[in-house]
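Biologist: I am new to this kind of model. Could you show me how to read it, feature by feature?

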Amino acid sequence: MTFWRDFIKPSDSYAAEQTLLWTTFLMGLTPIRISSSERNGERNIYISRAVGDVLQKFIGMSGMLILFGVSLYKTNDLMELYHVVAKIDNQFLGVGVEFNYRFIMKFRHSKLMFIISICSIYIGGSFWMLFHNNVWPTFQAIVAFFVPHIFLLSVVTLNVAFIMRFTQHYDLINKSLQCLDSFSMYTMVSKNPCDVVQESMEIHQLICEAASTANKYFTYQLLTIISIAFLIIVFDAYYVLETLLGKSKRETKFKTIEFVTFFSCQMMLYLIAIISIVEGSNRAIKKSEKTGSIVHALLNKAKTPDVKEKLQQFSMQLLHLKINFTAAGLFNIDRSLYFTITGALTTYLIILLQFTTISSPPLSSDCTFNSPVIAPIPINSTST
């Protein structure tokens, strides 16, 4: 009963997250559940392995093993992350800011529906192409090929959901600080400016802690996802270009348009995953950078020594506490990743296409062998 009541009208941070958490729990990605007491409404997060274990054992691919392994190993970090986000919401509630949890839940639902839609279109189109050409894949082949796409996009959705909350928090901090500026478009706050700055500092520290925990939880998963996505994009683009340039010598039941469409759609699937990860992280980083600009603008306009001292403390905190998202510390997840992937993709495609161009065609059953020493000798494969 509590589940449906929270589903219709979420009342706190935990309720807004329950649909996404329940979906990823069924897939085995997040083996935790949220329970609530009917008497006092107290929330409790606990580890449960009732669902997902069989599916985890069934997936035998290395990439999926990494995603599952990290998800299980970092479960405590995920629980801590949910607690910190709820604590940040309570801090905002103390300064008179209440979140629209229905909007947050709708955002999660829209992302889930988007993932379901593109996966359904991709899988449905793939099955149509296979059946249209009288190809009947086994159940094991279906699971090994299609399930990793779904799980990979589910991890991306979970990551984007957390990054969206951080972006919301930074946006509210920026608005509350802009209220201190008499020339701001926002209404002046009635509280003491020093108290507003102090509360903003405390909230900012919690956001940085939450972002650090999120980066710790997702870092290896994002490295796996981006690596898999890059490899698939490279080879899909190679297959498409090779076919369109007429250099492919593979014999296949599929028509050229079907072959190109299939690999192009698979490439788009992983491009969506990379773009979602990068744009979400970049948006949160830009919001955090805007906080520093606002603080220094207020510092230049501050009249009273108390406010100026608080703003200077906040400036020092911004200098030492910054959010940063990386893939296991190997590279930053921001828009510079687009340039890195594009450069590497271009290099590998040129190399692969060059190998295709210079590779000698296979010997036919009736060919001529040319030697610089002796005259051409006709060779026939027919036996006497």
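Biologist: Where do I begin? How many helices and strands are there in the protein?

Modeller: Begin with the elements. The protein has eleven helices and four strands. Keep in mind that this is a predicted model.

Biologist: Next, burial. What percentage of the residues is buried?

Modeller: The cut-off is simple: buried means under 20% relative accessible area. Of the 384 residues in the protein, 45% are buried. Now look at the outside. The exposed area is about 21100 Å². Carbon and sulfur atoms supply 62% of that area.

Biologist: And contacts? What percentage of those between residues at least 6 apart joins residues at least 24 apart?

Modeller: Take the contacts between residues at least 6 apart in sequence. Of these, 76% join residues at least 24 apart. Here is one pair of positions to locate. Isoleucine 150 and serine 120 are 30 residues apart in sequence. In space, their C-alpha atoms are 9.7 Å apart.

Biologist: Where is isoleucine 150 found, and why does it count as partly exposed?

Modeller: Isoleucine 150 is in helix α7. Partly exposed lies between under 20% and over 50%. Isoleucine 150 counts as partly exposed because its relative accessibility is 26%.

Biologist: Let us turn to charges. What is the general idea, and how many salt bridges does the structure hold?

Modeller: Side chains of opposite charge can pair when their charged atoms come close. The structure holds six salt bridges. One of them joins glutamate 17 and arginine 108, with the closest N and O atoms 2.8 Å apart. That pair links distant parts of the chain: glutamate 17 sits in helix α2, arginine 108 in helix α6, and 91 residues separate them.

Biologist: Are glutamate 17 and arginine 108 buried or exposed?

Modeller: Both glutamate 17 and arginine 108 are buried.

Biologist: Which residue forms a salt bridge with arginine 165?

Modeller: Aspartate 89 does, and the closest N and O atoms are 2.8 Å apart. Arginine 165 belongs to helix α7 and aspartate 89 to helix α5, 76 residues apart. Both arginine 165 and aspartate 89 are buried.

Biologist: Which residue pairs with arginine 335 in a salt bridge?

Modeller: Glutamate 279, with the closest N and O atoms 2.8 Å apart. Arginine 335 lies in the loop between α10 and α11, while glutamate 279 is in helix α9. They are 56 residues apart. Now read each partner's burial. Arginine 335 has 47% relative accessibility, so it counts as partly exposed. Glutamate 279 has a relative accessible area of 19%, so it is buried.

Biologist: Which residues do shared salt-bridge partners join into one network?

Modeller: Asp171, Lys175 and Lys287 are joined into one network by salt bridges that share partners.

Biologist: Last, empty space. How many cavities of 30 Å³ or more does a search of the whole structure find?

Modeller: A cavity is space where a probe fits but cannot get out. The search finds one of 30 Å³ or more. The largest cavity has a volume of about 40 Å³.

Biologist: Which residues line the largest cavity?

Modeller: The lining consists of Asn159, Ile163, Ala214, Asn215, Phe218, Leu222 and Phe325. Helices α7 and α8 are the elements that give two or more residues to this lining. The most come from α8, with four residues.

Biologist: How many lining residues are nonpolar, polar or charged?

Modeller: Five are nonpolar, two are polar and none is charged.

Note on methods: Residues numbered from 1 in each chain as written. Predicted model: local features only at pLDDT ≥ 70, side-chain atom pairs only at ≥ 80, totals over all residues. Heavy atoms only, no water. Buried < 20%, exposed > 50% of the residue type's maximum accessible area, 1.4 Å probe, protein only. Contact = heavy atoms within 4.5 Å. Areas by Shrake-Rupley, 256 points an atom, 1.4 Å probe, with all protein chains shown as cover. 1 Å grid on protein atoms, 1.4 Å probe; cavity = no way out; pocket = protein on both sides within 12 Å on 5 of 7 lines; lining within 4 Å. Points joined across faces, edges and corners; volume = space filled by probe spheres on them. Nonpolar A, V, L, I, M, F, W, Y, C, P; charged D, E, K, R; others polar. Salt bridge = Lys/Arg side-chain N within 4 Å of Asp/Glu carboxyl O.
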